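Please examine the salt bridges of the structure shown here and consider how they relate to its helices and strands.

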Amino acid sequence: MVGEYMVKKHRARRPIGEIMRDKKEPMSAYEIAEQMMNKKMKFYAERPKTIAQLLKGAKGITRSKVLRKREITSTITTLYHMEDYEAYERWLHDR
């Protein structure tokens, strides 16, 4: 029997993958969260940290770390890029 928590995770991963597939450029977890809010996708993943956790181990997605400089500070940000949507879909179905 699949628990409610697992269903929520699965329902959140599909729109995350669709957003990344449509964007075609690397995105941070914060940018993905903004896109989900703009589309009014209020699923399990509303915060960037949750999105980052859901993307751990995902197939078809590459990660890269980038130093983003602001006026005063600079932070290292992880960017996610959809390389192969079909591999991502297979990964979703296998979970």
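The following paragraphs take the salt bridges of this predicted model in turn.

Three salt bridges are found when the whole structure is searched. One of them joins the side chains of Arg14 and Glu89, with an N to O distance of 2.9 Å. Arg14 belongs to helix H1, which spans residues 4-23, and Glu89 to helix H4, which spans residues 85-94; the pair therefore ties together parts that lie 75 residues apart in sequence. The two partners fall into separate accessibility classes. Glu89 has a relative accessible area of 17% and is buried, because the buried class covers values under 20%. Arg14, with a relative accessible area of 25%, is partly exposed.

A further salt bridge connects Arg68 with Glu31, where the closest N and O atoms are 3.6 Å apart. This contact also links distant parts of the chain: Arg68 is located in strand S2 (residues 61-69) and Glu31 in helix H2 (residues 29-38), with the two positions 37 residues apart in numbering. Here Arg68 is partly exposed, at a relative accessible area of 25%, and Glu31 is likewise counted as partly exposed, at 24% relative accessibility.

The remaining pair consists of Asp22 and Arg21, whose side chains meet in a salt bridge at 3.3 Å, N to O. Of this pair, Arg21 has a relative accessible area of 32% and is partly exposed.

Taken together, the salt bridges include a link from helix H1 to helix H4 and a link from strand S2 to helix H2.

Technical notes: Residues are numbered from 1 along each chain as its sequence is written. This is a predicted model: local features need pLDDT of at least 70, side-chain atom pairs count only at pLDDT 80 or more; totals for chains, interfaces and linings use all residues. Side-chain values use heavy atoms; hydrogens and water are left out. A salt bridge is a side-chain nitrogen of Lys or Arg within 4 Å of a carboxyl oxygen of Asp or Glu. Helices (H or I, at least four residues) and strands (E, at least two) are DSSP runs, numbered from the N terminus. Buried means under 20% relative accessible area, exposed over 50%, partly exposed in between (1.4 Å probe, protein chains only).
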